[in-house]
Amino acid sequence: MAQGRLTMPECTNCHRRFFPPQPFCPHCGSRGWNLEPVRGDGRVYSWVVANRSFAPEFGQDVPYGIVAVDLSDGGRLIGRYLGDPSDLLAGLAVVAEVERKDGFGLLWFAPAEAQGRKR
């Protein structure tokens, strides 16, 4: 995300994507991998709904969803869900959005039909 694009590690041996970056591919054990761009579209694999704020800055946002998303390009990422958490279900089509804030990249997922929604 440093250059304003979403990337994931991809193994140079088995060509599978994984997250988080680590010294060895979790699939084949190879030490070689590169950061490769991903589109960011995918489907919800699993989710949780936070009904209690874990930090004061998120107090006004509860309830909110946190989703694990199987990306169309391969690999799985976890991020905050921007839609109504009561709409979450396995297989829901979502798309990633990246926001730069205070020097950090924040990953959000929005329903595919609501791409570009404001937080």
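1. Strands, as the term is used in this note, are DSSP runs of E covering at least two residues and numbered from the N terminus. In that sense, Trp47 belongs to strand S3. The model under discussion is a predicted one.

2. The central feature is a barrel: 5 strands close in the order S3-S4-S5-S7-S6, with mixed pairing. On average, neighbouring strands of this sheet are turned by 45 degrees against each other, direction ignored.

3. Strand S4, residues 64-71, pairs with strand S5, residues 76-81, in the antiparallel sense, and 6 bridges are found between S4 and S5. Within this region, Ile66 has Arg80 of S5 standing opposite. The side chains of a regular strand alternate between the two faces of the sheet.

4. Strand S6 has antiparallel contacts with two strands that merit separate mention. With strand S3 (residues 41-50), strand S6 (residues 93-101) shares 3 bridges, and S3 and S6 run antiparallel. Here Asp41 is placed opposite Val95 in S6. With strand S7 (residues 104-111), S6 pairs over 8 bridges, again in the antiparallel sense. The bridge partner of Lys101 is Phe104 in S7.

5. The hairpin of S6 and S7 deserves inspection of its backbone: 2 residues lie between the strands, and Asp102 takes a positive phi near 55 degrees. A second backbone point concerns His15, whose phi is positive, about 65 degrees, although His15 is not a glycine. His15 is located in the loop between S1 and S2. With a relative accessibility of 52%, His15 counts as exposed, because the category requires over 50% relative accessible area. As background for both cases, most residues other than glycine have a negative phi.

6. Two cis peptide bonds should be noted by anyone preparing the model for calculation. One joins Phe19 and Pro20, with omega at about 5 degrees; Pro20 lies in the loop between S1 and S2. Another runs from Val62 to Pro63, where omega is near -5 degrees, and Pro63 is part of the loop between S3 and S4. For reference, most peptide bonds are trans.

7. The structure contains 2 aromatic pairs. In one of them, Phe18 and Trp33 adopt an edge-to-face arrangement, 6.1 Å centre to centre and with 85 degrees between the planes. This pair links distant parts of the chain: Phe18 sits in the loop between strand S1 (7-11) and strand S2 (33-37), Trp33 sits in strand S2, and the two are 15 residues apart. Phe18 counts as buried, at 4% relative accessibility, whereas Trp33 is partly exposed, with a relative accessible area of 28%.

8. Phe58 and Tyr64 form an aromatic pair of the tilted kind, 6.3 Å centre to centre, with 50 degrees between the planes. Phe58 counts as partly exposed at 32% relative accessibility, while Tyr64, at 8%, counts as buried. The assignment for Tyr64 follows because buried means under 20% relative accessible area.

9. On the surface, Trp47, Val49 and Leu89 make a nonpolar patch of about 240 Å². Which exposure class does Trp47 fall into? Trp47 is partly exposed, with a relative accessible area of 33%. That value is compatible with patch membership, because patches are made of residues with over 30% relative accessible area and no salt bridge.

Key:
Residues numbered from 1 in each chain as written. Predicted model: local features only at pLDDT ≥ 70, side-chain atom pairs only at ≥ 80, totals over all residues. Heavy atoms only, no water. Pairing = 2+ DSSP bridges. Helix = DSSP H or I, 4+ residues; strand = E, 2+ residues; numbered from the N terminus. Axes fitted to C-alpha atoms, helices over the stretch in contact; angles between N-to-C directions. Patch = residues over 30% accessible without salt bridge, like charges linked within 9 Å, V, L, I, M, F, W, Y side chains within 5 Å. Areas by Shrake-Rupley, 256 points an atom, 1.4 Å probe, with all protein chains shown as cover. Salt bridge = Lys/Arg side-chain N within 4 Å of Asp/Glu carboxyl O. Buried < 20%, exposed > 50% of the residue type's maximum accessible area, 1.4 Å probe, protein only. Phe/Tyr/Trp six-rings, centres within 6.5 Å; stacked < 30°, edge-to-face > 60°.
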